[in-house]
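Colleague: Please take a close look at one helix and then work outward to the chain that holds it and the contacts between chains. I would like one connected account.

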Amino acid sequence: MSFLDVLYFIIPSAIFYASPLIFTAIGGVFSERSGVVNIGLEGLMVMGAFIGILFNLMFVDTFGSLTPWFALIAAMLVSGLFSVMHAVASISFRANQTISGVAINLLGVAIALFSVKMIYGKGQTDYIQERFIRFDIPLLSDIPIIGPMFFKDVYSTSILAVGVAVLAWFVIYKTPFGLRLRAVGEHPMAADTMGVNVTKMRYIAVILSGALAGIGGAVYAQSISGEFSHSTINGQGFMALAAMIFGKWHPLGALGAAIFFGFAQALSIVGGQIPYVDQVPPYFLHILPYVLTILAVAGFIGKANAPKASGIPYIKGKR
Amino acid sequence: MDYVIEMLGIRKEFGSFVANDNITLQLKKGEIHALLGENGAGKSTLMNVLFGLYQPEAGEIKVKGKTVQITDPNVANKLGIGMVHQHFMLVENFTVTENIILGNELTKAGIINIKEAAKKIQKLSEMYGLDVDPNAKIEDISVGMQQRVEILKTLYRGADILIFDEPTASLTPQEIHELIQIMKRLIKEGKSIILITHKLKEIMDVSDRVTVIRKGEGIGTVITAETNPNELASLMVGRQVEFKTIKGEANPTVDALIIKDLVVTDYRGIEKVKGLNLTVRKGEILGIAGIDGNGQSELIEAITGLRKSKKGSITINGQDVTNKKPRKVTEAGVGHIPQDRHKHGLVLDFPIGHNIALQTYYLDPISKNGIMNYGKVSELAQKIIKEFDVRTQGEHTPARALSGGNQQKAIIGREVTRNPELLIAALPTRGLDVGAIEFIHQRLIEQRDKGKAVLLLSFELDEVMNVSDRIAVIYDGQIVDTLLPKETSEQELGLLMAGQRKNENDKKQGETVHVE
Amino acid sequence: MSNRVVNILVPVISVILGLLVGAIVMLVSGYDPVKGYLALWNGIFGDAYAIGETIRQITPYILAGLAVAFAFRTGLFNIGVEGQLIVGWFAAAYVGITFDLPMYIHLPLAIIAAAVAGGLWAFIPGLLKAKLQVHEVIVTIMMNYIALHTTNVLIKIVSDGGDNTGTIKETASLKSAFFESITDYSRLHNGIFIALAMVLLMWFILEKTTMGYELKSVGFNQHASQYAGMNVQKNIILSMVISGAFAGLAGAMEALGTFQYAATKGGFTGIGFDGIAVALLGANTPLGVIFGAVLFGSLKYGALNMPNEAGIPVEIVSIVVAIIIFFVACGYVIRYFLEKMNKKKEAK
C-alpha cells in the first residue's frame, strides 16, 4: 500500500467515526460555554442511539429510505428533553453538576436497556434495514489527490456534522446569542448587570447539548453499529467531552479534535491492514484516545482554559 | 431646585442589621456629588438601592421629579442611571467593544455588526475624552482603560446619571488625574455624577457637594467650596464616646518583627505593598490604621506565609521568615488571628474543640506516632473554652454554630495559649458586639504586659487609638507616618488615612494645623 | 429540625422517591409494580442461597463505597473506582495463579497486590490534581477505560492468547466451606470480613489518626489547613491513593472470592459507579456506607429475580439507583422543602 492508498483508506474511516463525536462535542461546547458542566453527554448519546434505532425499526415502512433522518429528529427531541433533568438539577436546584451528570449517564443507559428488553425481550435490538448511505460527492470527488480522500464514499451525516460545527462557530462568535452565551459562562454577574437572563441562556445551552448528543448517538447507531445494545455507546460521550477540552471549547477546535479521536478509533479497528501500523500492538491504539485526553486536560497539549464560571451555580444578588 | 435624583428617607436592612437608616441624598443636574463615609458606613448599599440591585424597606426615590420603583438594573438603565462598579463587571477575554454592546448588540441580518459598533464606540469615546481601543481585549489593557470601558458601558446605554463606586481604588496617581478630567468633561456634556469615595483629596478636587454617611446614618450635606478636609474628616469619623480601654504604660524592649522594603503583589500581579518598612517591639501594641484596600491584607498574608513577597525581608525574633511556609512562621513564634476567620481561621465544619487544636495537633501530647489523642484535644478545648469565655454548648458543637464573637474568642484562645512572641491580630473585633470587643482588647493588652509583641490591624479608628501603644498609618502600600496615640487625634489620623499628608495640608491651608 | 435529622432524612426521602419513580416506570411500561417489588424482595430474602448471594454482592459494594466516600471526604471526586477495581482484580488474580505459597502468605499477598494496584491507578489522577489542579473527574474516567483495555491485554498475555487467567490457586482463595454449607452453595466468601474490617479501618484512619485529622481538614477548608501548616498537596494525593486501594480491594473480592479468576471484559462491571451511589447515600461516612452497600447490593442482586418472577428487565433497578443519586444530588431542594414545612409547623 502506498502512502496515498493508506490515506484514502484511513481518512474516510476517521471522518465517519468522528461524526458522532463532532455532534456531541459541539453540544458539550454549548453547555460548558454557558457555565454548566455536562458529564452526562454519554448517557444522552446512549439515549439518542437507542431512540434512533427504535424509531428506525418501528417506522421504516412509513418513511422508507428517509427513515434514518426522521430517526435523527426523534433522537434529538428525546435527548433534548432528557437533558432538561440535568438543567433543572444544575441550574435551578444548584445540584453538584458532576453528580447530576453521573446520574444522567446511569439513567440513560438504564432506561435504554430497560426499554430494549421490554420491547424486544432480549438484550439487543434487531438490525436496522435503512442505514445512512455513503456516496461520492459529484465534481468534488473527481479532484485529483484530495478528491478520493475527502469526498468519496462519504456519509451525508459526516457532511452534516461538519456543517453543524461550522454553524456553531458562527452562532457562538458572530451572533448576539453567542456573545451572551459566552458572557454567561465567563462572568455571569457582568452579563446579569447588562440585562442578560443567565438562567434562560443556561437552560437553552444544556437542552442544545442534549439535542446534539442525541443526534450524535443516533448517527453512531445508524451508521456504524446498526443496532442497539449495552455496548453500542462505549465511552464516546466522554471522548466527545475530551475533544471539547482538547479543542479548547471552540467549535472548530472540537471539530479538529473529534476528527483526531475518530482517527484514533479508526486506527484501532482497521489498523491491522495498514503497513507499519499493523506492527503496533492494538492495545496502544485502543488506549490512544484516552491517554490523549488526559494529556489534553492536564495542559500538556496547550493550556486548557475552561470558561471561568464553569460548574458554579449562579446565585442572583450574591455580592 | 433642579434635582435629577432624589433619594428620600431610604432605609435598607439586612436581617437585623440596618445598613441605611433614613438617608436622604439629592443630586442636582450637572453636579458632581460626593458620597463620603468610612468602610461599612453604607455608601455602596445606598447606591445599590439606586441601581436596582437592592430594594429599600422604606423611603422614596424620585428621578427627574417622578417617583419610581427601581426593581432591577434594567429599570435603572432605562431611567438613565448607570453604574461604574468598583469591581469591574467585564468579561476578561472579550474585547472592549464586545463588553460594551453585551445585551444591546447592533446587528445586521442576525450577525453582530462589530465594525459599526466599534465605530460608534470610537465616536463616543472621542466625545467624552475616554481614550479606549475598541478592539483590545480586556485582559490586555490597563486598569485605567478598563475603567473607561465601564464608563463607556453606561454612556452607550444613554445614561445621564452616573454613579462611580470608589473609582480610584486601583488607579495610579496619573490615572486618577485622568479620571478627574474625564468626570469634568462628562459634566460639561450634561451628565450628573454621584461619586462614592473615602478619599478627601479627590472630593476637594472635583465635587460640588458632599453628603456624609456614618454608620448607616446620613450626617449631612455640605457644599465643597465651603468646607475643608479637616471638617470632612471629622464628619466622617465622628466623635464617638466609646469607653476607653484601661491599660497601663507599655514597656517595649527588643524588636520582635522587622519588615524592610517589603513589596507584595496581589493575585492579579498588582503591587499592593510598595516598599514598606515597619518594626514592632516586644512589650508593645503597634496598631496599623488605614482604610481597606491600602495593602494591609497583603502585608499580613506576607508576614504569615500565606502569600509570597516579591522583594524585601521579614524578620521575626531574629529569624528570617521571608517567603517561608506558614508552619515555619508559626514555629518562629507567631500567633495569628486572621482577618477572615471563616477562610483562614477555622474549619467551620469541625467541632470547635478540633479547631482549637488546629495549630498544635501535630505536636506531643496531642499527636503521638500518628495517633491523635482526642482526650488531650478535649482537655485543651475545655481549658480554653473556660478561660476565654467561649459561649458554646460544648466542645463538640461545630464551629459554624457559634456566634462570630465566640468563634473569635476561640481563635484568640488558641493563639494566645501557644504563647507566641509575636501576636498578629487582624481585624480581631470585626462584626463583634461590645462585650466581646472589650474582652478581646483586654487579652491583647494582657499579651503586651507579658512582654509579647502585638501587631494590631484595624479599620476602626477608636479601636486603634484606644488599644495601641504606637500607631502606624498605612496608605497606598506604605507606612506614611508613625505616631503616639496621645500625640495625635482622630482628625489627623483620618487625614493621613485618606492620603492627606501633614505638610501638604499645611501648604494648602496656609495655616498651622492644630493637633489635639 | 436539627441538622443531623435532615442529613438522614435526605437520603431516606431520596430512596423512597426513587422506589416510587421505579414503580411508576413499571406501571407505565405495563408491568405490575407490586409483583415487581415482591420479586425483588424474594430475590434478596427468598432463600438461604439468595441471602448468601446478596451478602456476597454487598461485599465489593462496601469497598467501592468506602473508596468513593473516602475521596469525597477530602473534596475529591473519585469516579475512577471502576478502573481501580479492575486493575485490583487482575493483580489479585495474577498473584493468585502465579505463586506457590502457603495460604497465610499467599492470600494476604494477593489482597495487598490488589490494594497496591488500585492505589497506584489512583495515584496518577491524584498527582495531576495536586500539582496541576487538573480536575480529577475526566482523568479518572479516562483511567477507567485505560484500565479496561490494559487488564484485557494483560490477561491475554498471561493466558497465552486466551481470555481468562485460569482459576487461582486454593491458597489464594477467599472461598469458605462454612458459608457454602449454610447458604446452599452460594458464592458468599470470607471477603465480607475483609470488607467490614476495612470499614473499621476507614473509621480508624479518619477518627483516630493525625493523618485523618489532616485529610478531613483539607477536605473541608484548604485555606485554613494551609494556614495550619498542612501540606495540602500531599494530603490530596494520599486521599486518592487510599481511595484507590479500597477500590482495588473491591476487585480482590471478585477475583479471589466470587469468580476465582480474572477474565477479559467487554464492558465495565458497574460496581464502581454504584459505589458512587453507595457513598452518596451513606453521606460519606463508614457506617453510612454499610447501609448504602446493603441497600444497593441487595437491589442489584435481587433485581436478577425480577425477569424470572415478574417478567421485568433487571435494568429497572438501575433506573431506581440512578434516580436515587439524582435526588440525593438535588438534596438542596429536599432540604428546602423540609425547612419550609418546618417553618409552617412553627408558624402554627
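Modeller: Helix H5 of chain B runs over residues 143–156, which gives it 14 residues. From its first C-alpha to its last, H5(B) reaches 20 Å, close to the 20 Å expected at 1.5 Å a residue. The model is a predicted one, and every value here is computed from it. The buried residues of H5(B) include a run of nonpolar ones, B:Val149, B:Ile151, B:Leu152 and B:Leu155 among them. The list of buried residues also holds B:Gln147, B:Arg148, B:Glu150, B:Lys153 and B:Thr154. Just after the helix, B:Gly158 takes a positive phi of about 75 degrees.

The chain around this helix comes next. Chain B has 18 helices and 24 strands. Its C-alpha trace spans about 75 × 60 × 45 Å along the principal axes. The radius of gyration of chain B is 25 Å, which agrees with the value near 24 Å for a compact globule of 516 residues. Of those 516 residues, 49% are buried. Among contacts in chain B with a separation of 6 or more, 69% are between residues 24 or more positions apart.

Two places in the backbone of chain B deserve a remark. Most residues other than glycine have a negative phi, and most peptide bonds are trans. The bond between B:Asp364 and B:Pro365 is cis, with omega at about 0 degrees. B:Pro365 sits in the loop between helix H12 (352–356) and strand S19 (367–368) of chain B. The second place is B:Asp476, a residue other than glycine whose phi is positive, near 55 degrees. B:Asp476 belongs to the loop between strand S23 (470–475) and strand S24 (478–483) of chain B. It counts as partly exposed because it has 16 C-beta neighbours inside 10 Å.

Chain C has a residue of this kind too: C:Gln260, which is not glycine, has a positive phi near 70 degrees. C:Gln260 is in the loop between helix H11 (232–259) and H12 of chain C. Because C:Gln260 has 23 C-beta neighbours inside 10 Å, it counts as buried.

Now the contacts between chains. Chain B meets chain A through 15 residues on each side. On the side of chain B, helix H2 (73–78) and strand S8 (111–112) each supply at least two residues. That side divides into seven nonpolar, five polar and three charged residues.

The contact of chain C with chain A takes 34 residues from chain C and 37 residues from chain A. Elements of chain C that give two or more residues to it include helix H5 (103–132), helix H6 (136–158) and helix H12 (271–281). H15(C) provides the largest share of the side of chain C, 10 residues. By class, the side of chain C has 28 nonpolar, five polar and one charged residues.

Last, the largest nonpolar core. It has 383 residues, and those that touch the most other members are A:Ala243, A:Ala258, C:Leu63, C:Ala92, C:Leu249 and C:Ile325. Leaving aside neighbours within four places in sequence, C:Leu249 is in contact with residues including C:Leu63, C:Ile111, C:Ala114, C:Ala115, C:Ile194 and C:Met198. The glycines C:Gly88 and C:Gly118 are also in contact with C:Leu249.

Notes: Residues are numbered from 1 along each chain as its sequence is written. Chains are lettered from A and ligands numbered from 1 in the order in which they are written. This is a predicted model: local features need pLDDT of at least 70, side-chain atom pairs count only at pLDDT 80 or more; totals for chains, interfaces and linings use all residues. Two residues are in contact if their C-beta atoms, placed from the backbone, lie within 7 Å. Helices (H or I, at least four residues) and strands (E, at least two) are DSSP runs, numbered from the N terminus. The radius of gyration is taken over C-alpha atoms; the globule rule is 2.2 Å times the number of residues to the power 0.38. A residue is buried if 20 or more other C-beta atoms lie within 10 Å of its own, exposed if 12 or fewer, and partly exposed in between; C-beta atoms are placed from the backbone. The expected span of a helix is 1.5 Å times one less than its number of residues. A nonpolar core is a set of buried Ala, Val, Leu, Ile, Met, Phe, Trp, Tyr and Cys residues joined through C-beta atoms within 7 Å.
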